[in-house]
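Morning, everyone. Please have the model up on your screens. I'll go through a couple of residues, then the chain as a whole.

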Amino acid sequence: MNAAADRPAVTDAVDPAPAADADPLDESDQVFASAAELFRLLATPIRLKIISALCGHEKNVSQLLTEIETTQPNMSQHLATLYRAGVLARRRDATQIYYRIGSEAAATLCRAVCTQIAFEVDGGDEIPAAERLAPLPLLKG
């Protein structure tokens, strides 16, 4: 099965390539707007948990619910949001829908940020404030 065929095209999340005579500031604005949209999409802890759970291999909703404490409707809503954004891909097998990572770039970003913050939480006192991602009060509390 074609990997691109099992997820919708993201048309409203990313603007088409700018024209050759486009203002560089406009390009920069587009980059920051796209980055902000991705961070907004990933700003929910359950979505980060879903991405983490799917990094190894695909899973269906029941399998995800055994790893992530939430209700089935809430899980389905977050899966649908991540799928529509292209972060996840899915396939149907009879009555089950299996989800997997659809954007390795988004998964890599999540992994990098979460790993860095986990490192800071574990050894927070040793990391200079200028090198932290997590706010200091988060590390102390």
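**Two residues and the whole chain**

Start with Phe39. Phe39 sits in helix H1, which covers residues 24-41. Keep in mind that this is a predicted model.

Is Phe39 buried, partly exposed or exposed? Its relative accessibility is 46%. Partly exposed runs from 20% to 50%, so Phe39 falls in that class.

Now look at Phe39 together with Ala106. Along the chain they are 67 residues apart. In space, their C-alpha atoms are separated by 9.5 Å.

Next, Thr81. You'll find Thr81 in helix H4, residues 72-84. Buried or exposed? The relative accessible area of Thr81 is 17%. The cut-off for buried is under 20%, so Thr81 counts as buried.

Which residues does Thr81 touch, once neighbours within four places in sequence are set aside? Leu41 and Arg47 are in contact with Thr81. Leu41 belongs to the residue range of helix H1, 24-41.

Now the whole chain. How many helices and strands are there? Six helices and three strands. In sequence order, the pattern reads α-α-β-α-α-β-β-α-α.

On burial: the chain has 141 residues, and 26% of them are buried. Thr81 is one of the buried residues.

On surface: about 9,200 Å² is exposed, with 57% of that supplied by carbon and sulfur atoms.

Last, contacts. Take those between residues at least 6 apart in sequence. Of these, 45% join residues at least 24 apart.

That's my part. Over to you.

Conventions: Residues are numbered from 1 along each chain as its sequence is written. This is a predicted model: local features need pLDDT of at least 70, side-chain atom pairs count only at pLDDT 80 or more; totals for chains, interfaces and linings use all residues. Side-chain values use heavy atoms; hydrogens and water are left out. Helices (H or I, at least four residues) and strands (E, at least two) are DSSP runs, numbered from the N terminus. Buried means under 20% relative accessible area, exposed over 50%, partly exposed in between (1.4 Å probe, protein chains only). Contact means heavy atoms within 4.5 Å. Accessible areas come from the Shrake-Rupley method with a 1.4 Å probe; for residues, only the protein chains shown count as cover.
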